Amino acid sequence: MPSTVVLEKKKAQVAALSDRIKNSCAGVVVDYKGINVADDTVLRKELREANVNYTVVKNSILARAAEALGMELDSSVIEGTTAIATCDDDYVAAARILNKYAEAHDNFNIKTGYLDGEIIDNAKIVSLAKLPSREVLLATVCSAFNAPIAAFARAVQAIVDKGDEAPAEEAKAEEAPAEETAPAVEEAPAEEAKAEEAPATETEAPAEEAPAEDSAE
């Protein structure tokens, strides 16, 4: 039977791995037997630079840690050589890097993975691996927002630079047509009335002069 010291050590390892998985947003479990020392060194360096925590684990420790978190692992996951990569703030880094190595090494295989405590299949891991890196995604989002924000900022600055003159000029421009239009509407009937009276005066004049000419004769 294992000694008390060994049991306590395993419990501590299970608790530590459970906390690590619980506090991470994503993780990938691999069978690393197909990678040599040189490639393993390069792999670890790339994972470390991407803030991915990568360690070799015992299958029994992984099984108990997953069980403590309510995560059901397939029996094939806890066989052979096993390593786990976890990341606290990047959902795609571990999948992207490890999938690349799995494609380049026939005996380096992805066993399983998880997102926010939920086990996902290998198809989803491959899909994650195809996504851009976190930095590229952030840069893309920033670029999408920067263009309209810059244009809006320029428009606001133009209004500020112009000051209160624009509103005053616009107010005068709106009042001017109203003043010019009002008299035109009022004077129009008077002018039309004069135009109607003038023919009446000219018409009556010949009617008065006609009898005068007849008397003279």
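**Internal cavities of the predicted model**

Helix 3 (59–68) and strand 4 (109–115) each contribute at least two residues to the lining of the largest cavity. The model in which this cavity is found is a predicted one. Strand 4 provides the largest share of that lining, with 3 residues. The volume enclosed is about 60 Å³, and the structure holds 2 cavities of 30 Å³ or more.

The wall of the largest cavity can be followed along the chain: Ile-21, Val-29, Leu-62, Ala-66, Met-71, Leu-73, Ile-84, Thr-112, Gly-113, Tyr-114 and Ile-119 form its lining. Sorted by class, these comprise 9 nonpolar and 2 polar residues, with no charged residue among them. Thr-112 and Gly-113 account for the polar part, since Gly is counted as polar and Tyr as nonpolar.

The second largest cavity holds about 40 Å³ of space. Its lining consists of Ala-26, Gly-27, Val-28, Tyr-91, Ala-94, Ala-95, Tyr-114, Leu-115, Ile-120, Ile-125 and Leu-128. Two or more of these residues come from each of strand 1 (26–31), helix 4 (93–104), strand 4 and helix 5 (122–129). Here strand 1 gives the largest share, 3 residues. The lining has 10 nonpolar residues, 1 polar residue and no charged residues.

Strand 4 links the two descriptions: this strand supplies at least two lining residues to the largest cavity and two or more to the second largest cavity. Tyr-114 appears in the lining of both cavities. Charged residues are absent from the lining of the largest cavity and from that of the second largest cavity.

Technical notes. Residues are numbered from 1 along each chain as its sequence is written. This is a predicted model: local features need pLDDT of at least 70, side-chain atom pairs count only at pLDDT 80 or more; totals for chains, interfaces and linings use all residues. Side-chain values use heavy atoms; hydrogens and water are left out. On a 1 Å grid over the protein atoms alone, a cavity is a set of points where a 1.4 Å probe fits but cannot get out, and a pocket is an open set with protein on both sides within 12 Å along at least five of seven lines; lining residues have an atom within 4 Å of a point. Grid points are joined across faces, edges and corners, and a volume is the space filled by probe spheres set on the points. Helices (H or I, at least four residues) and strands (E, at least two) are DSSP runs, numbered from the N terminus.
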